[in-house]
Amino acid sequence: MYNRQLCYFVFFITVFVCSPLSAAQATIQAYQVRGLTAELENNVELYLKQLVNEKPSKALQKHAKKQVESGLKALGYYKPKIAIRFNEEEQTLVVDVERGPVTRISAIDITINGDGNSDADFMQVVNGIAIKQGDFLNHSKYDAARKRIDSQLLELGYFDAKWQTHRLAVTLKDNSAKVVFVIDTGRRYLFGDIIINADTPAEKYIRSIAKFNKGDVFKSAEISQYNLSLSSTAYFNSVRVFADITNRAAGFVPINVDVIHKPANSFEVGGGYSTDLGPKVRFKWSKPWITENGHYLESNLNVSERQQDISLGYTLPVDNPNDDLWRFSVGYKLEDELTNDVYSEILTTQLQRQWLTDNNWVRIAFLRRDHETYRIGEQQQSARMTMPGISYAKKKTKGGTTPYKGYQWLISAEFGLEDMFSSTDILRVQIQHAWLNTYANRHLFFFKANLGAMLVDDIDNVPFSLRFYAGGDQSVRGFAYQSISPEDEQGRLIGGKYLVSGTVEYNYQFAPNWRAALFVDSGTATNDFNDDVQVGAGFGFRYLTPVGPIRIDHAWGVTKESKSTRLSITIGPEI
């Protein structure tokens, strides 16, 4: 009898310890949802993912059922039938669902009291919320609508606003829901005084940069733009602009400005790389505060293997130190074999007057004096040009150093006359435009066009720096830098009177920091439009960094006889 009991005990222990699928040891390794598709299935799986590696106890399965119910309710299904079981053999939690009828929004009742009721900007947002009568109930859209209204109240200065009612009333009997919002916006605050919390000689410019005046209706977007404009000046290491909501009074909210000045001498060192120029080092020295009127000095040195330049500029602000100013500059630039058999050395002095137009174009009127020595092949020449001109530029982007939307224009015209201290009579015009946009967060399209023309009797009398060339990383990829050009009798590239080039590019973002690209470039530099238009095409990758994308392209010179390829590497945004 004793031996028989001992055998039963040993057998029980062996089965208990060795069975890997015993209920005590099994855990949920996977889950399966049946009866749902698309968004409903995804929403339920968000809850079930949390159960992996848990033991499939009855309590857990009961909890899982409640979680599934919550996931379905969030999308408007309040009457589902749910069955949950654990498949021990496959260690899978199996969830069978009959979703039942969907709940629809039967009515939206929004009442706005206070100044917001007559505010077109605010009511546009209220009327544009993403929930409509007849829609399936979606709790996340309901929450998003509330947050959108809250955000707009702060954006437009309704700092006393209160929600009197926000309710989502669900009626199970007829599977309907009613949205009720009642908001008292209170008064809309106005911009108050600008309070500068530091002793600074830049007070005049801090105040002049603001696009708003005391008594204007408050908009937080103007605060952000003000902060950005101050940060763009040459004077400050740090800028913080904020609305002092705590101290608002009598309908006004003061605007506080905190600034930290740059040191008397400021230095910056940077670098980069492009296939055309090779490795590049940049050094910048600035002296941000020379006089009490905000005059400042800035010097830049750029050094690469085949191109070096240095410049020194002295700036005198008139009103806004970013957009309304005088600038005097001198510079020296050397290019040696950047293009085959070409050497160029140029000394430049320039006087500029810069200011904004009413349409926010940056307008620069200038007078430039160039003394250039250049050699194409064995023929060396020199030229002296005094050239008045004007340029208009406009740029608008979203996304900082990695823009996802934006455009850029640059239009310039300049002329020189032999009777006005120039080596030849010339009129030179150039138009550049770039545009990019992103669709569905992943698909980026980029277009660029560059047109140039000059009116001159003989191209041989035009300094090298004013002639038009195409080809290279920023022009027609697949061709060497400035290799698209008319040729002389010896086959040397002499540059042209006219330039036409363009780019069409598509980027697909396949990972958080990576894009793949396909592109086609085309262009020509010519004297009579008898030269062929050259075409380059290829593919590449973009690695997105805080300083802009690193662009690696492999391009074919489609119209080249050799059909040879070139690798192109550049750092920086498309616009």
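A residue is counted as buried when its relative accessible area is under 20%, as exposed when that area is over 50%, and as partly exposed in between. In the predicted model described here, Arg-368 has a relative accessible area of 12% and is therefore assigned to the buried class. The side chain of Arg-368 meets that of Asp-370 in a salt bridge, with an N to O distance of 2.9 Å, and Asp-370, at 5% relative accessibility, likewise counts as buried. Elsewhere in the chain, salt bridges that share partners join Arg-477, Glu-505, Asp-521, Arg-542 and Asp-553 into one network.

The structure holds 19 salt bridges, and two further examples illustrate their placement relative to the secondary structure. Side chains of opposite charge can pair when their charged atoms come close. One such pair is formed by Lys-214 and Asp-193, whose side chains meet at 3.3 Å, N to O. Lys-214 lies in the loop between helix 6 (203-209) and helix 7 (220-231), whereas Asp-193 belongs to strand 7 (residues 190-196), so the pair ties together parts that are 21 residues apart in sequence. Asp-193 is itself partly exposed, with a relative accessible area of 42%. The other example is the salt bridge between the side chains of Arg-207 and Glu-203, at 3.2 Å, N to O; both residues lie in helix 6, where they are 4 residues apart, or about one turn of the helix. Each of the two partners is partly exposed, Arg-207 with a relative accessible area of 37% and Glu-203 at 38% relative accessibility.

The packing of helix 2 and helix 3 was examined next. Two packed helices are described by the angle between their axes and the distance between the axes. For helix 2 (residues 38-48) and helix 3 (residues 58-73), the axes come within 9 Å and cross at roughly 145°, and the crossing is right-handed. On the helix 2 side the residues that take part are Leu-40, Asn-43, Val-44, Tyr-47 and Leu-48, which meet Gln-67, Val-68, Ser-70, Gly-71 and Leu-72 of helix 3. Lys-65 is also found in helix 3 and, at 35% relative accessibility, counts as partly exposed. The C-alpha atoms of Lys-65 and Tyr-47 are separated by 10.0 Å, the two residues being 18 residues apart along the chain. When neighbours within four places in sequence are left aside, Lys-65 is in contact with Ile-82 and Ile-84.

A nonpolar patch of about 980 Å² is present on the surface, made by Phe-415, Leu-417, Met-420, Phe-421, Leu-427, Val-429, Ile-431, Leu-451, Leu-455, Val-500 and Phe-529. The elements that give two or more residues to this patch are strand 19 (426-439) and strand 20 (443-455), and the largest share, 3 residues, comes from strand 19. Phe-421, one of the patch residues, is placed in the loop between strand 18 (405-416) and strand 19; with a relative accessible area of 66%, Phe-421 is classed as exposed.

In contrast to the exposed Phe-421, Gly-416, which is placed in strand 18, is buried, with a relative accessible area of 0%. Apart from residues up to four places away in sequence, Gly-416 touches Thr-386, Met-387, Ser-422, Thr-424, Asp-425 and Ile-426. Between Gly-416 and Ile-346, which are 70 residues apart in sequence, the C-alpha to C-alpha distance is 17 Å.

Backbone geometry was also considered at two loop positions. Ala-440, although not a glycine, has a positive phi of about 55°, and this residue is located in the loop between strand 19 and strand 20. A positive phi of about 55° is likewise found for Gln-482, which is not a glycine either, in the loop between strand 20 and strand 21 (498-511). As to solvent accessibility, Ala-440 is exposed, with a relative accessible area of 64%, whereas Gln-482, at 14% relative accessibility, counts as buried.

Terms used
Residues numbered from 1 in each chain as written. Predicted model: local features only at pLDDT ≥ 70, side-chain atom pairs only at ≥ 80, totals over all residues. Heavy atoms only, no water. Patch = residues over 30% accessible without salt bridge, like charges linked within 9 Å, V, L, I, M, F, W, Y side chains within 5 Å. Areas by Shrake-Rupley, 256 points an atom, 1.4 Å probe, with all protein chains shown as cover. Salt bridge = Lys/Arg side-chain N within 4 Å of Asp/Glu carboxyl O. Buried < 20%, exposed > 50% of the residue type's maximum accessible area, 1.4 Å probe, protein only. Axes fitted to C-alpha atoms, helices over the stretch in contact; angles between N-to-C directions. Left-handed = near helix turned anticlockwise from the far one by under 90°. Contact = heavy atoms within 4.5 Å.
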